[in-house]
Structures are given as structure tokens and as C-alpha cells.
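Student: I am new to this structure. Could we walk through it together, one question at a time?

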Protein chains: 2
Amino acid sequence: MSVNLAVVGATGAVGRIVLEQLALRKLPINRLKLLASQRSVGKEVRFADETLKVQLLEPDAFQGIDIVVASTPDEVSAEFASWATDAGAVVVDESGYWRMDPKVPLVIPEVNPEAIHDHQGIIASPNCSTTQMVVALAALHRHCPVRRVVVSTYQATSGAGLAGNEELYDSTRSALTGKTHPAKTFQYPIAFNLIPQIGSEKEAGYTSEEMKMVYETRKIMGDDDIVVCPTCVRVPVTIGHSESILVETADPISVDKARELFAAAPGVTLVDDLDNKQYPMPQDCEGKDDVFVGRVRKDLSSPNGLAFWCVSDNLRKGAATNAVQIAELLIQKLAAASS
Amino acid sequence: MSVNLAVVGATGAVGRIVLEQLALRKLPINRLKLLASQRSVGKEVRFADETLKVQLLEPDAFQGIDIVVASTPDEVSAEFASWATDAGAVVVDESGYWRMDPKVPLVIPEVNPEAIHDHQGIIASPNCSTTQMVVALAALHRHCPVRRVVVSTYQATSGAGLAGNEELYDSTRSALTGKTHPAKTFQYPIAFNLIPQIGSEKEAGYTSEEMKMVYETRKIMGDDDIVVCPTCVRVPVTIGHSESILVETADPISVDKARELFAAAPGVTLVDDLDNKQYPMPQDCEGKDDVFVGRVRKDLSSPNGLAFWCVSDNLRKGAATNAVQIAELLIQKLAAASS
């Protein structure tokens with residue numbers, strides 16, 4: 001069983017890691033096609049031992065393709081997805097465009113792998129800040145239902161792509177020499193600063209990024225009774241989103257039990273020994289695929305609450321890795337169907 | 001009415017601003033004495049139009065002094081406070097040493113000014129992260145009792161003094177040129193990183209900084225039923241602590257009412273217009289005395305909850321400004337007693 005696979009947005013911050021992951025995880029690829037907008041056409045990209053040329057993302061680019069892994073802005077995804085599905089391909093989409101469409105499964109392989117079976121040509125991968133939170137919450141939810149989540153994020157500049165990291169580095173260099181650097185990717189200078197806005201205003205004072213954490217969490221966990229209060233903040237860190245999470249469950253979960261559940265959960269690494277200064281930090285999670293959990297403790301403000309700290313590489317589990325894992329599930333499904 | 005005033009720790013990050021504030025707010029000072037450890041003795045410091053020499057902090061340094069404003073480490077405060085009170089001075093202390101002593105009032109002038117009347121020679125100024133939160137919470141509490149607080153902090157490196165900022169700048173310069181810089185002031189490199197530990201482990205998985213937010217909040221607000229779940233995180237920002245706060249009150253408070261309460265509260269500036277990208281950020285709060293509040297919205301996870309974002313210059317309202325305001329209250333009290 002091998003597949004013809006197209007990567008859309010192959011030259012972006014996430015697309016590059018999608019290619020790394022496809023090679024690293026040894027997906028059974030027969031033919032690999034790299035697609036992007038006109039600007040990137042002709043660029044050469046290394047994949048395993050080959051050099052591939054980026055081709056134009058256009059309506060007939062998907063002939064003969066089985067699976068598409070796409071990391072593009074929402075508006076690009078809105079346009080090309082039907083080109084791919086019309087050609088018979090299944091699209092694993094990392095944009096925000098399709099996630100809340102009732103016909104589109106929203107999948108984290110460690111949490112709701114069964115959801116891929118209901119796809120109608122498109123499967124969405126969740127928002128980066130949602131993915132890492134839900135991987136961690138699911139570890140508890142399987143034991144005792146999650147009822148309420150209060151989350152404050154500390155999100156890296158690479159969440160805004162390569163341009164975000166460049167802006168952080170350039171503006172930091174400027175700040176260190178007493179100069180100002182105009183903000184382009186972000187709303188304000190991000191060097192030595194925090195910006196409590198990610199995305200645009202969406203509803204009732206919450207941003208679009210925050211509302212993703214509300215709606216996507218419910219959809220992935222399959223429980224519309226879970227309430228979430230999110231605050232999303234951009235911080236001057238290049239890679240690795242961090243989250244301070246308070247979770248209330250239907251019944252109390254002891255700290256020891258929570259640690260046991262996190263340690264045993266697929267995709268989670270527990271790093272939790274405050275006395276010995278062991279907890280997850282962005283610098284330690286960069287380039288890794290897991291969701292790292294630490295600072296696990298009883299909520300001092302509710303009987304059924306737990307507080308914890310969660311860090312993950314936003315370009316990996318938050319984007320590329322999750323999408324490639326979905327592609328793996330699709331290939332398993334194709335293999336099962338053909339056997 | 002004028003007083004003899006001593007500043008202890010006059011050459012530190014906070015001490016410098018104490019001097020600025022004394023001059024700016026025109027405290028009626030007859031004689032000003034600067035005290036510090038042996039290392040700083042003889043240093044010359046400008047105050048208003050004078051140049052003053054730093055003198056040794058020693059047992060008989062407080063003769064004739066009425067009020068002491070002190071910014072020192074806990075262990076220094078533990079030692080010198082009785083030297084000052086034995087000489088008849090009142091100590092306004094910014095260290096953590098005396099704050100939870102039942103004989104010591106813990107005061108934020110906008111919140112519990114009446115508490116200064118019960119002093120027995122020492123009045124404590126709260127921890128920086130607590131002060132700004134309580135100034136904001138008090139605006140709501142006066143209208144409807146605060147019952148529960150969930151807070152995640154984003155704390156600046158200057159919270160660890162001048163050495164903290166130097167370490168952020170030096171390690172950032174190193175990181176930009178691909179070098180590593182050893183962490184001394186902080187547990188780990190802080191450049192482009194986050195450290196979810198401030199202080200040492202105190203109890204049940206919470207740090208000493210976090211437990212300050214639990215206990216000091218109750219003491220200042222005079223309500224032991226307020227429950228607080230804090231997460232304190234160091235971020236690569238030099239000045240300005242930020243806090244993501246969820247507060248539950250005894251009855252619901254509408255967003256409009258909350259904004260009205262914040263806007264009218266002493267010491268609070270409301271900056272809250274997400275549609276027009278207006279919210280508090282560290283870069284805008286540096287060098288200002290107020291607590292800045294924005295992103296005010298209904299909690300999506302509880303009927304009586306509100307979420308908001310709060311930023312304040314941790315060296316000013318979080319330390320120097322609050323202590324100088326307490327000194328002002330003491331001078332008013334002395335003036336009232338002598339009239």
C-alpha cells in the first residue's frame with residue numbers, strides 16, 4: 001500500500017515540517033507533489049534523498065493524488081479544497097476554514113481517531129493552541145468528564161509563520177540598540193512586549209483565536225457541555241506555545257491520579273518536579289512532537305479543579321505533526337479497505 | 001509638617017524609583033537619609049537638586065528618623081526593622097518578610113488605607129503581582145464581593161531587580177548570535193523562553209510567589225473566604241507585569257458595569273477597545289503609576305464570572321509607588337495628630 005500525496009504550502013513554516021515528518025515517520029509515499037502559490041513555483045525543496053520542484057496550486061493539480069496535506073491561509077483552503085476533492089483526493093487541512101463545518105471531522109489522532117471515518121473529502125486539523133490543550137485534557141476526560149476549562153495562553157511568534165519569527169528577531173535587535181521597528185505581522189512591537197490579542201474580535205469581547213479554543217474543544221471532545229474561558233496572548237518566544245490551564249472535572253481527580261493519567265496518555269510527556277525545577281518550557285519542547293505537561297496541582301479555588309502547565313511545539317503537534325498523523329490514519333484506512 | 005525620611009536600599013531597581021517618587025510627589029521631607037549595605041556606601045545619588053551620599057545601614061542609623069521606606073531582600077528587612085522601630089521610626093517595608101505577620105498591616109492605599117492606623121512600627125507593602133491584581137479586584141469587590149480568582153501571570157524580569165534585566169538583555173544578545181548565556185538570576189535562560197517558576201516551592205505544588213497571591217489578597221481585602229488559584233510565570237519582558245484574571249463575584253456583574261467600576265476606581269486606567277486594538281501592554285505601562293485594565297468580558301464558563309487583562313509597572317505601583325503612597329498616608333496621619 002503506497003499513496004500519491006500532495007503537500008500544499010510546502011515552503012511555509014509548517015509545510016517544511018510536514019515534509020520532515022513525512023520522511024521521518026516513513027509514510028508509504030509513491031509520488032510526492034509539492035504545491036504552492038505562484039510566488040513559490042519552481043523553488044527546489046529537499047525530501048529524503050530527492051530534490052523536488054514546487055508546482056503551481058491550480059484546479060487540475062490534484063489528478064491522481066490520494067491524500068493532500070495542506071498548510072495555507074483560510075482563504076486559500078476555501079478555494080482549492082474542492083479542486084482536490086473533485087479529483088478524488090482526501091484533504092487534511094490545517095487552516096481554520098473547515099474546522100467547524102458539520103460535514104468535516106476535526107481530528108486529533110490521540111483523542112478522536114474514529115472521527116476520520118465520517119469524512120466527505122476533507123478532514124480538519126485543529127488550531128495549534130486547541131490541539132495541545134485537548135491532548136492534555138483528553139487524558140483526564142477519559143477518566144472523569146471535563147466540565148470547565150479556564151486557559152491563558154503564552155503563544156509563540158511562529159504561530160504567525162516565518163514572518164512572525166523574523167519580526168521578533170528584527171524588532172529585538174532594534175530594541176537592543178535603542179531603535180524602534182515597525183510592527184507588520186503583529187499589531188504592535190513584540191520585542192520585550194506582550195500582545196493580548198491573537199486574531200480579530202469575534203464575539204462578546206473574545207478574539208477569533210479564543211473562540212477557536214471554545215468551539216473546537218467541544219467538537220473534538222464530542223461534548224457540547226464543556227465550557228471554556230480562554231485568554232490568548234502573544235509572547236516574545238519563537239517556538240512553543242505554553243498554556244496555564246485550570247480544569248474542573250465532574251468528580252475530583254487527585255494530583256497523583258492526574259499525574260498517572262498524563263504519564264500514560266498517548267502524545268503526552270509529564271515533566272513535573274517543581275522541587276528540582278523540572279517543568280516544561282518552550283526552549284525544551286522545540287522540535288519535539290509531544291505535548292509536555294507539568295506543574296500539576298490541586299486548584300486552590302474549587303473542589304473538583306486541577307491546575308497545570310502545558311507546552312508544545314506549535315509547528316509540530318500544533319500543526320504539521322497532527323496533520324501527518326491524520327494522513328497516517330487515512331493510509332491505514334485505505335490499506336484496511338484494500339486488503 | 002515635614003519629616004525626616006530614610007530610604008533603605010536606595011541604589012536598587014526599586015530604591016531608585018522610590019527617590020524619583022518622593023521628589024515627584026513632593027513629600028514634605030525635612031532630612032533625607034539614604035541607607036544601603038556596605039557595597040553601596042559612599043555612592044552619590046541625585047535627589048531633586050541635591051547630591052546625597054549613601055550611608056551604612058547599621059543599628060544606630062535611624063536616630064531622628066520618622067519614616068523609613070525600605071526595598072531590601074527579606075533577610076535584610078528581618079534584621080534592620082527593629083533598629084528603626086527602636087529609634088521610633090515607622091518602617092514602610094517592601095520585602096516579603098513582614099507581610100503576613102498579624103501585627104503588621106499590609107496596605108494598598110486605594111484599597112485599605114484605614115489599615116495603617118493599627119501599625120506597631122512596621123507597615124508592609126504587598127508583593128508586586130498581588131498589588132496590581134488587588135487594585136483591580138477591589139474596584140469590583142466594593143460593588144459586589146469577590147468570591148474566586150483564577151490568575152495567570154506574565155511577570156517581567158525586573159521583578160528580580162536590575163540583575164534580572166541585565167540577564168534578559170545579555171542572554172538575548174547571546175541568543176541572537178547563536179551563543180548560550182548561563183542563567184544566574186533565573187533558573188534557566190530567559191531569552192525567548194518562559195519559566196513557570198517564580199520563587200521556591202512553598203506548598204502543595206505552588207511556588208512562594210503564587211502563595212503570596214493567595215494569602216496577601218485575603219489579608220488586604222479583609223476577606224478570608226476569597227479563594228485564589230494562581231500560576232506565576234516569568235516572561236522575557238523587562239518592565240510591566242501582566243495578568244490574565246478570571247474573577248467570580250457573589251452576584252453577576254455586567255461587562256458595562258465592570259467597565260464603569262474600573263474606569264471610576266482610584267489607581268485604575270481602563271484601556272478596553274478590542275475592535276480598535278486598544279488594551280494594556282507592558283510597553284505602554286512602563287514608567288506609569290496606574291494599574292491598567294482591558295479585555296473586560298463575561299466569563300464563558302460561569303454565570304458570575306468576568307475575565308480581564310491587567311498590566312502595571314511592577315517597579316512602580318507594584319513596589320516603589322505603593323510604598324511612597326503609604327508614606328504619604330503616614331505623613332497625613334502625623335499632620336492630623338499634631339494639628
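Student: Is B:Tyr154 buried or exposed?

Tutor: Happy to help, and keep in mind that this is a predicted model. Buried means under 20% relative accessible area. The value for B:Tyr154 is 0%, so this residue is buried.

Student: Which two chains does the pair of A:Tyr154 and B:Tyr154 join?

Tutor: These two rings form a stacked aromatic pair, 3.9 Å centre to centre with 20° between the planes. A:Tyr154 lies in strand E9 of chain A and B:Tyr154 in strand E9 of chain B, so the pair joins chain A and chain B.

Student: Which residues do ring pairs link into a cluster with A:Tyr154 and B:Tyr154?

Tutor: A:Tyr154 is itself buried, at 0% relative accessible area. Ring pairs link the two tyrosines into a cluster with A:Trp309 and B:Trp309.

Student: Over which ring does the charged end of A:Arg297 sit?

Tutor: There are two such placements to look at here. The charged end of B:Arg297 sits over the ring of A:Tyr206, 4.5 Å from its centre. For A:Arg297, the distance is 4.5 Å from the centre of the ring of B:Tyr206.

Student: Why do the "binding site" positions not all gather at one spot?

Tutor: The unreviewed UniProt entry places this feature at several residues, including A:Ala13, A:Ser40 and A:Asn314. They span 304 residues in sequence, and they do not all gather at one spot because the farthest two C-alpha atoms are apart by 25.1 Å.

Student: Which residues outside its sequence neighbourhood is A:Ser40 in contact with?

Tutor: A:Ser40 is in the loop between strand E2 and strand E3 of chain A. With a relative accessible area of 4%, A:Ser40 is buried. Leaving aside neighbours within four places in sequence, its contacts are A:Thr11 and A:Val54.

Terms used
Residues numbered from 1 in each chain as written. Chains lettered and ligands numbered in written order. Predicted model: local features only at pLDDT ≥ 70, side-chain atom pairs only at ≥ 80, totals over all residues. Heavy atoms only, no water. UniProt positions renumbered as here; feature names shortened; annotations may be inferred. Helix = DSSP H or I, 4+ residues; strand = E, 2+ residues; numbered from the N terminus. Buried < 20%, exposed > 50% of the residue type's maximum accessible area, 1.4 Å probe, protein only. Contact = heavy atoms within 4.5 Å. Phe/Tyr/Trp six-rings, centres within 6.5 Å; stacked < 30°, edge-to-face > 60°. Lys NZ or Arg CZ within 6 Å of the ring centre and 35° of its normal.
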